[in-house]
Amino acid sequence: MGILSTLSSARSGLNAASVALDAASNNVSNASTEGYSRRSVRLENSDPIQIGSNWRGTGVSVAGVDRAYDVFVSRQLVASTGDQAEAESEYGVLYLSESWFNDVEIDGLPTMLQGVYDSLTQATQDPSDESLRREVATSSNTFATRVSSTAESLVDLQDQVQDRMDGELSEVNQRIQNIADLNKAVIASQGNAADLLDQRDIQISALAEQIGVDFHLEEDGSATVLLGGHTLVNGIEGRTLSVQHSAGESSFFVSIDDGLTGVSGEMGGAVGGMSTALDRIEGYLDDLDLFVEELSTQFNDQHALGFDASGTAGQEWFQAAGGGSHLAESFVFNQNLLDDMDLFAFAANASASAGDGENLRVMIEMETDGAFTGSKSGEGALLSLLSEVGEDAASALRSTEQQAVVLNDLQGLRDSISGVDLDEEAANLIEFQASYQAAAKVLRVSGELFDTLMDAVR
Amino acid sequence: MSYDSLVLRLIQVTDAQLVAAKALDTLALDQATQDRADLLFELEVELQEGVPEGERLPLKPLVEQLLLLERRVSAVIALVNGSLDQVLSYDEPTYAPRRAG
């Protein structure tokens, strides 16, 4: 082989080795970078040349830099990321709502309702006794206040969740646009876009975490991003998501051709989890409203059948004006009764003596199974609601833990495909070193030419 | 291309190669290597015709300068290769366990 062809082969070897060295050093630098996919250099023999009757090799050339990537695993990971975020977000909100029902610092609602009936039972010992009547008034007022504060807290929680959804949607729309912009850059790069593809993967994964999406890759390198059956990113175009809030409910839409299409049922990820939790809280509030309505009706109707100290029929015991979005928010013990306990209508008839407690005994008997919806007692109805809240939160927690295991497995699988193995990279460096040394050694033959030149001018 | 132009261009390219080798800029190094190989091809062709008598004397200092640069580039590349050797042969140090107490 002549000097020049040797030089040419050496040069191509140097070039290929330096590209491989760059890839290896890039891999090592990004070993801990989130979303980084390992790069590897694909080498191929350059076309040989024919000299006379002989074919001579012309070294190696870089056919391309490959990105270790498995689209199937990536799609699974994106789906699992959305599921995990959805479960975690739902649990986070339900945990807060559960804490309002099960406040350990003060008695829970069922205990407090039982306290009302206990004070009424105590009052039967001497219905005209002022201190026993005060106890009845205090327990009824405390219970009503606790019910309304629980309802208000749940409504506040709904408002906070809806505010957070607005913030997430703003980020989501920016992310959708980022993916569309990255698609544009990927298409323009004509296949040489490993860093852009990594960036796009990170954006898609983050989008899945927020709203739960799927994607597939197109021939031009762009990624089509889907929310359920609706396209969010198509090539270089991204669509906009919007949300409309009403009391306790949020509806989501995607803009398509100047119109809006509902996608509430498709929403996953953190926003989907929040939406599910919002629905559940609305259900708890509806249950609380129903309880308040039934309890008020029973107490008020029976109290109206009794007579107070002046022989007047009893006023409403509990009141719910319904000023807020839920009846339970305005649930109160009648202020007139709180101010004047002589208005308690414990007597069964207008002419009864001051110590008559016949109507009081009937009011106590109302706390029996079957008095409330679902054939429950008042305490039973509240316990059932608490049980539902607790079970929902526990179920969301179980789901979060299960999804975390699945996500962890998929991340492990992804790392085994796309992650950087530092031992493997060290092995690559040795290979590059050998290539450099070989190429540099062959380059030294250029010295022969310089010697000839030096001899000529000496 | 005349001999002096060829050698001057070789000096420039070798100098670029030296800078790139020192900076570990593999892209620039590859480019310089490629340019150098192209110029060497032309030099070999020219040398087959021999160096005209009139060009020999003025060419001598340029060739000496080129050879000096060539030695410097070789030294730097050898150093880089040596560093790679050192990095790749580096073993994690092992420490004796602390004595209890």
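A polar contact here is a pair of N or O atoms within 3.5 Å, where, within protein, one atom must be able to donate a hydrogen and the other to accept it. With that cut-off in mind, the tour of this predicted model can begin at the start of a helix.

**First stop: helix H2**

Select A:Asp70 together with A:Phe72, and look at the N-terminal end of H2(A), which A:Asp70 caps by placing a side-chain oxygen 2.9 Å from the backbone nitrogen of A:Phe72. Then extend the selection to residues 71-101 of chain A, the 31 residues of helix H2, and place a distance between the C-alpha atoms at the two ends; they are 45 Å apart, which agrees with the 45 Å that the helix should span at 1.5 Å a residue.

**Second stop: the largest pocket**

Keep H2 of chain A displayed and add helix H5 (194-211) and helix H9 (378-418) of chain A, since each of these three helices supplies at least two residues of the lining of the largest pocket. The space in this pocket comes to about 530 Å³. To centre the view, select A:Glu34, A:Gly35, A:Leu77, A:Ser205 and A:Arg414, which are the closest to the pocket centre of the 25 residues that line it. Which helix should be coloured for the largest share of the lining? That share, six residues, comes from H5(A). If you colour the lining by residue class instead, it divides into 11 nonpolar, nine polar and five charged residues.

**Third stop: the sheet of four strands**

Move next to the open sheet of chain A whose strands follow the order S5-S6-S7-S8 with antiparallel pairing. Strand S5 (214-217) and strand S8 (237-238) of chain A stand at the edges with a single partner strand each, so one side of each has no neighbour in the sheet.

Within this sheet, select residues 223-227 for strand S6 and residues 230-234 for strand S7 of chain A, which pair in the antiparallel sense over three bridges. Two pairs can be picked out here: A:Val225 has A:Val233 in S7(A) as its bridge partner, while A:Leu226 has A:Thr231 in the same role. Where the chain passes from S6(A) to S7(A), the hairpin has two residues between the strands, and A:Gly228 takes a positive phi near 60 degrees.

Continuing along the chain, S7(A) and S8(A) are joined in the antiparallel sense over two bridges, and A:Asn234 stands opposite A:Glu237 in S8(A). This hairpin too has two residues between its strands, with A:Gly235 at a positive phi near 65 degrees.

**Last stop: the sheet of three strands**

Finally, select the open sheet of chain A in which three strands lie in the order S9-S10-S11, again with antiparallel pairing. Its edges are strand S9 (241-246) and strand S11 (259-262) of chain A, and because each has a single partner strand, one side of each is left without a neighbour in the sheet. Looking across the strands, the twist averages 40 degrees from one to the next.

S9(A) and S10(A) run antiparallel and are joined by six bridges, and A:Val243 can be shown opposite A:Phe252 in S10(A). Their hairpin has two residues between the strands, and A:Gly248 in the turn has a positive phi of about 70 degrees.

What links strand S10 (residues 249-256) of chain A to S11(A)? The two pair in the antiparallel sense over four bridges; select A:Ser255 with its bridge partner A:Leu260, and then A:Ile256 with its bridge partner A:Gly259. In the turn of this hairpin, which has two residues between S10(A) and S11(A), stop at A:Asp257, whose phi is positive at about 50 degrees.

Technical notes:
Residues are numbered from 1 along each chain as its sequence is written. Chains are lettered from A and ligands numbered from 1 in the order in which they are written. This is a predicted model: local features need pLDDT of at least 70, side-chain atom pairs count only at pLDDT 80 or more; totals for chains, interfaces and linings use all residues. Side-chain values use heavy atoms; hydrogens and water are left out. The expected span of a helix is 1.5 Å times one less than its number of residues. Two strands pair if DSSP finds at least two bridges between them. Axes are lines fitted to C-alpha atoms, for helices over the stretch in contact, and angles run from 0 to 180 degrees between N-to-C directions. On a 1 Å grid over the protein atoms alone, a cavity is a set of points where a 1.4 Å probe fits but cannot get out, and a pocket is an open set with protein on both sides within 12 Å along at least five of seven lines; lining residues have an atom within 4 Å of a point. Grid points are joined across faces, edges and corners, and a volume is the space filled by probe spheres set on the points. Ala, Val, Leu, Ile, Met, Phe, Trp, Tyr, Cys and Pro count as nonpolar, Asp, Glu, Lys and Arg as charged, and the others, Gly among them, as polar.
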